[in-house]
Amino acid sequence: MDKSRDESPATPDSGPAAAGFAENAHGGAAPRRSFLQWFAVGLGAVAAVAVSLPLVGYFFRVPKRRTMWVPLGPAEQFPLAETRVATFDNPLRTPWDGSSATTSIFVRREQDNAAGEQFLVLLANCAHLGCPVSWFPQSGLFMCPCHGGVYYATGERASGPPPRGLFPCNWRVRAGQLEIEAPHFPSLRDCESLPG
């Protein structure tokens with residue numbers, strides 16, 4: 001007997017092992033493909049929900065405006081007819097705001113008589129592009145160093161590119177302390193009612 005003829009070397013393409021390999025290859029690929037398809041669909045659904053929730057919240061929210069009053073110090077520290085700068089930290093600051101959370105305003109005591117105290121409180125940002133303005137007491141003007149905006153002592157626009165005057169802040173005197181409403185960012189309605 002010729003054993004070499006009966007014992008042919010096993011090849012990967014023949015025999016029961018090869019049949020099992022082919023079955024596992026096809027049988028294993030289908031569940032893997034199915035898993036990846038379901039994973040992609042699930043991931044897409046999660047992404048769609050993550051994108052749509054803020055949009056739904058934006059369109060169906062009820063705006064609630066919380067009034068926050070920030071003390072600037074005793075009212076008597078602001079002399080009559082003198083404009084002074086005051087700073088405060090924005091109560092709604094976030095960790096990444098850094099120094100931009102510190103807000104500057106100008107405070108001027110307009111009157112102090114039997115009728116009561118009257119203050120003019122203006123944001124220290126130009127109405128053009130928001131650059132911080134400087135007060136020049138010699139000329140009685142606020143001036144913006146960025147594009148040459150000029151404002152009168154009352155905050156009204158004098159010249160330059162700003163479309164309107166400086167933005168006023170809401171204020172009150174409570175227990176001898178001057179407080180401002182913060183953060184008070186002017187709305188379009190506020191801008192329409194401003195002089196200048």
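**Entry 1: Val107**

I started with Val107 in this predicted model. Leaving aside residues up to four places away in sequence, I found that Val107 touches Leu72, Phe78, Glu82, Thr83 and Arg84, and also Ala86, Phe119, Leu120, Val121 and Leu178.

**Entry 2: the core**

Next I looked up the largest nonpolar core, which has 29 residues. Val107 turned up again: together with Leu72, Ile105, Val133 and Phe142, Val107 touches the most other members. I then asked which elements give two or more residues to this core. They are β1 (69-74), β2 (83-89), β3 (102-113), β4 and β10 (177-181). Of these, β4 gives the most, with five residues. A general point to keep in mind is that nonpolar side chains tend to be buried together in soluble globular proteins.

**Entry 3: the disulfide**

How many disulfides does the structure hold? I found one, and it joins Cys131 to Cys146, with 2.1 Å from S to S. The link is left-handed, at -105 degrees about the S-S bond. Cys131 sits in the loop between β4 (116-123) and β5 (134-136), and Cys146 in the loop between β6 (141-143) and β7 (150-152), so the bond ties together parts 15 residues apart in sequence. I also checked whether each partner is buried or exposed: Cys131 is buried, at 15% relative accessible area, whereas Cys146 is partly exposed, at 38%.

**Entry 4: other cysteines**

Why does Cys144 have no bond to Cys126? The sulfur in Cys126 is the closest cysteine sulfur to that of Cys144, but at 3.9 Å it is too far for a bond. I noted that Cys144 is buried, with a relative accessible area of 7%. Cys169 counts as buried too, at 7%.

How values were computed. Residues numbered from 1 in each chain as written. Predicted model: local features only at pLDDT ≥ 70, side-chain atom pairs only at ≥ 80, totals over all residues. Heavy atoms only, no water. Disulfide = S-S within 2.5 Å. Helix = DSSP H or I, 4+ residues; strand = E, 2+ residues; numbered from the N terminus. Buried < 20%, exposed > 50% of the residue type's maximum accessible area, 1.4 Å probe, protein only. Core = buried A, V, L, I, M, F, W, Y, C linked by side-chain atoms within 4.5 Å. Contact = heavy atoms within 4.5 Å.
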